[in-house]
Protein chains: 2
Amino acid sequence: MAMTESLDPERMACWRAYIEASQRLFTQIEDDLRADSELSFADYHVLVLLSEAPGQRLRMGELAGRLVFSPSRLTYQISSMQKRGLVARESCPDDRRGSEAVLTAAGLLTLREAAPHHLRSARTHLMDDLDDAEVACLTRVFERLGRRLGSDRDASSTPADK
Amino acid sequence: MAMTESLDPERMACWRAYIEASQRLFTQIEDDLRADSELSFADYHVLVLLSEAPGQRLRMGELAGRLVFSPSRLTYQISSMQKRGLVARESCPDDRRGSEAVLTAAGLLTLREAAPHHLRSARTHLMDDLDDAEVACLTRVFERLGRRLGSDRDASSTPADK
DNA sequence: GACGCTCGGTTCAGATTTCAATGTCACCGC
DNA sequence: GCGGTGACATTGAAATCTGAACCGAGCGTC
């Protein structure tokens, strides 16, 4: 049916391809991850962010923002990882309302072990298949998109702490 | 170290940008949809697929395949939509094991009403921001990806056999 | 130094999703 | 025909996610 009043055919096809392929890719990545580690994609992502943070610790809110998680989802996520010993929860010294998640040794180890598998899966499913121009294009598009949607957070100045 | 030979920095940045921006976009699209209709993105997607299918009906399995849903998730999804009167469930004449989802008049109406809003949100959050070269690039990349990831269902190049 | 306000996180109830069975049939070889 | 095998879909229980209500600070005002 033609409800194309709003989106020209090229863009419509693009949108659809993007949605469907991404869905497939995400579930594939998730399955791979679960297959060769005990982690969900969310778990993995948390570990990565913590491992890169100074002191390997992050405030809940900060973490939620970067993961694009609702506050309550993050609470649940961290509790779950805490039970499994991947992270610890500490109350924040500066602000007694807040708490922060801290990477444990076990968490780091788990990440180190999972990373090669995960990265391989990212490569074989997507990245290896892209030529340099495509990589450049995707990077440009999605960084722009991320900035426009994520609004403020860490954005502009950056690269001292990666 | 093995970790760096897995993904060069450009591709790593690309991968990250893609993941994060997509996450943000999907939640944004979902929120928009819920704001101006009573539909989730899954609901909407079901309606679109059914509206395009011959007889506005599809087998459960076929639908699950295209939505990238697990069978049980689809069962739940359709039950939920059935309760709301958007689709009906009929048992398949050819194969008595199977059933098919059929679009109702109310479902079609709901789709017609939701579509403009949804498409506008797709445009404003992403598509309007892309130039033609970017559209072409994304389309090429994601159609390729979709094909590579188990979507030998419908369309493109292989009619008649599957 | 109590009041009203907002903020960071958590909690609880309910909705959704997964995972492992299960039930019903189709299909194949005999 | 008849049993074995496997496909299609559903179910039930457990895991996860969402959204609203909540608690315990910070923060400003008077």
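Buried area is the accessible area, taken with a 1.4 Å probe, that two parts lose on being put together, summed over both. This is a predicted model, in which local features need pLDDT of at least 70 and side-chain atom pairs count only at pLDDT 80 or more, while totals for chains, interfaces and linings use all residues. Residues are numbered from 1 along each chain as its sequence is written, chains are lettered from A in the order in which they are written, and side-chain values use heavy atoms, without hydrogens and water.

Select chains A and B. About 6,200 Å² is buried between chain B and chain A, and carbon and sulfur atoms give 67% of this area. On the side of chain B, the residues that lose the most area to chain A are B:Arg11, B:Trp15 and B:Arg24, together 12% of what that side buries.

Next, display B:Arg140 and A:Glu134. They form a salt bridge (a side-chain nitrogen of Lys or Arg within 4 Å of a carboxyl oxygen of Asp or Glu), and their closest N and O atoms are 2.3 Å apart. The interface of chain B and chain A holds 12 salt bridges by this rule.

Now turn to DNA strand D. Around this strand are 16 residues (a heavy atom within 4 Å), and A:Arg73, B:Arg59, B:Gly61, B:Thr75 and B:Arg89 come nearest. Of the strand's atoms within 4 Å of the protein, 65% belong to sugar or phosphate and the rest to bases.

Finally, select A:Ser72 and B:Arg97. A polar side-chain atom of A:Ser72 lies 3.1 Å from a base oxygen of DNA strand D, and a side-chain N or O atom of B:Arg97 is 3.1 Å from a base nitrogen of that strand.

Notes
A polar contact is a pair of N or O atoms within 3.5 Å; within protein, one must be able to donate a hydrogen and the other to accept it, and residues adjacent in sequence count only if both atoms are side-chain atoms.
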